[in-house]
Structure formats: C-alpha cells, structure tokens
Amino acid sequence: MPRIPARLAWFVELLVAIFLVISSMTAGCDNPTPTPTPTKTPLPSATATAPPATATSLPRNDVNPLTGLIADPALLQRRPIHVRIGNDPEIRPQSGLEKADLVFEDVMEGWWVTRLTAVYLGQDPDKVGPVRSVRLVNLELAPQFDAAMAHSGASDRIRWTISQSTITDLDEYFHPTPYFTVEGKDWRGRLFTSGDRLRKYLSDKGKEKAVPLKGFTFSPQAPTISAGPAMTVTVPYPTSSVVNWRYDASAKAYVRFVNGDPHLDANSNQQLSVANVVILYAEHRKTDIVEDSLGNTAIDIVLRGQNRVQLCRDGLVVQGTWKREALEQLFQFFDQEDQPLLFRPGKTWFEIVPTDMAVEIR
C-alpha cells in the first residue's frame, strides 16, 4: 500500500476529525418524531354554553351575543327580528315565545294589559303571534338591535314617526306577504307570521344583513356580589296581566305564570321558562297620542339615560343600574360595583316597569 506523504497526513487527520464531529451532531436525527395528524374537534351542540369571556379572549362567531349560547354561525349573520305580540287574556296561549332569545314586556295605555316584543336571532319560530300593533316603546327597542320590526299597524302619529326613522319596518298593512290569519279567535288573535316567512321577505327585499351586536355579559357561575334570594318574582302589572316567576332549581330556570296560571306556548303546549328575569325600571310619561276608542293615550317609556335594574338568576337577585345614551345603543347593565352584570347563559325576559312599582322578589 503506498505511503501517504507526511505533508498530507495532517490534512487527512483534519478531515477525519470534522467527520466525527458532524456524526455526533446528527446522531438520533435519522428517525425524527413523526408530526401528529390533526383531528377535527366537533362543535358543541346548539344549546351548549360558551366559555366565559376573559380580557384576552377573542370574539367568537358561534356564540349568540343575546344568549351566550353556542349557535350556528350562519344564523347569527342575520339581523334580529322583533315581533309585537298581544297578551290579552282571550288570546293566550301565544305561539312562538319559547323560541325568542329575548322578550320585553311593557304595560299598555289604560293600564289594563301588557304587550310583548319577542326578539329572534338564534332560532326562528315556526309560527308566531298573534301579531299586534306597536307602541312608542318599540321605537326605542328596535334601533338598539338594528332589528326588522314585525307588527300590525300603529296609531297615526306613531306610524308617521316610524316612517321618518331608519327602522326596517314590516308593518302588516304595507307588507302583508309574510303574514297569515288563523280563524277560531276574535280579531285580536287571528294574525300570525313565521320566522321563515319573515326571513324570506327580508331577503327578497334586500334587507337581510348581519348586524354587529355587542350583546350582554354571561357567566354560568352564580353571582356572589350582594345577591339576595329570588325564588319567586311577582310583577304587579294590571289585573289581567299579573306576572309570577318561580325558580325551578332542577332546571336552573324561571317558569312563568300569569294570573296564577302557567303561561304556555301554543306551539308546544309547554310552560315558558327563561334563564334570566330582568326587572327594568323606567319612567313612564303620559302623552297626548290617542291609542284606542276609549281615548286612552300612549305611554312614553323613557329608555335612555340610566335607572335601576334587578337581575334574577339562579334563584338570586343582584341589584344594579341600566345605562343607555344613544338611540342605537344596546342596554348596558352594571352591578353596584359598576362591573358588568353577569347574565346566566340562556334566554332572558325583561319586565319593563314604572320606577315606583313594588315588584316582590323573595
């Protein structure tokens, strides 16, 4: 074997050393750990509770801002619909209230009955009604949600005011297509509509759109701040509409009674229930807008500024304040430490009452 010249030996030794260093650095890299195959996590059901929001959490497109519940994102990319529903004793039980995300209840002129405004976003009712006329309160409620307002007429001055506003108005007198009548009740209980009919009409008219809603603040945890008992809530509306809510601990919900009778939904024959009952106190002012043949005049319910509020959830009541400065601003709710009131995820019923009404909460 030929001998390597001495002058090259140092170079060969250098190459060997470099090879040994590289080999030691790459040891164990011939069989790297394989990258795991990603799996798809299924979405929670439509009634699941969204995780509580934190200061660093990002907005989610699958959480209904009005209920705090997981919902189909496509359903949330629509405008809310407000349906004005009668509450006369002769027309109960109504249809479709159980599908509403929110319900607002207010007293009518003459102080003899209440009327309801149901808010639909996450679900659409198969049949909803009976549909009745709007009042001044609806001119404050609808703009907060940029909602389409479904109703059957209004007094002349209120109808004129609506015509001068930006409200998406679906007055049955001018937009009859989404409505239908049902025989068997008197004239107060015959007019109905449905979620599908209203949505199709909005789409056909180019008025369907996504509405950015801030919504409310939700937490599944029961409140601990200044909470008192709220196993029953009695709202002394006029004699035909006295409301009583009773807390069902097993369902973690309040069930509704009117004049001592269970308040049912005609679509399912099930008693109405909600996660939250909100007593929203507001000044009620008399106006000169004549609303009926008896000469009773409309009530101007002051829903801008701020006033007292009581949130009933989990069998407890928390005292607080509602605030709203602008027509398009949604109600904001704060506890006595000026922190956001925490609603229980689920549906909410708002009882709008005069500031001096003695609501009984026990």
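This report looks at one buried phenylalanine and at some salt bridges in a predicted model.

## Ground rules

The model is predicted, so local features need pLDDT of at least 70 and side-chain atom pairs count only at pLDDT 80 or more, while totals for chains, interfaces and linings use all residues. Residues are numbered from 1 along each chain as its sequence is written, and side-chain values use heavy atoms, leaving out hydrogens and water.

## Around F104

F104 sits in strand β2, residues 102-107 (strands are DSSP runs of E, at least two residues; helices are H or I runs, at least four; both are numbered from the N terminus). With a relative accessible area of 0%, F104 is buried (buried is under 20%, exposed over 50%, partly exposed in between, using a 1.4 Å probe and protein chains only).

Beyond its neighbours within four places in sequence, F104 has contacts that include L116, V119, F331 and I352 (contact is heavy atoms within 4.5 Å). L141 is another contact; its C-alpha lies 8.8 Å from that of F104, with the two positions 37 residues apart along the chain.

## Salt bridges

There are 25 salt bridges in the structure (a Lys or Arg side-chain nitrogen within 4 Å of an Asp or Glu carboxyl oxygen). R78 and D124 form one at 2.8 Å, N to O. R78 is in the α2-β1 loop and D124 in the β3-α3 loop, so the pair ties together parts 46 residues apart in sequence. Both R78 and D124 are buried.

E183 pairs with R190 at 4.0 Å. Here E183 is exposed at 60%, and R190 is partly exposed at 34%.
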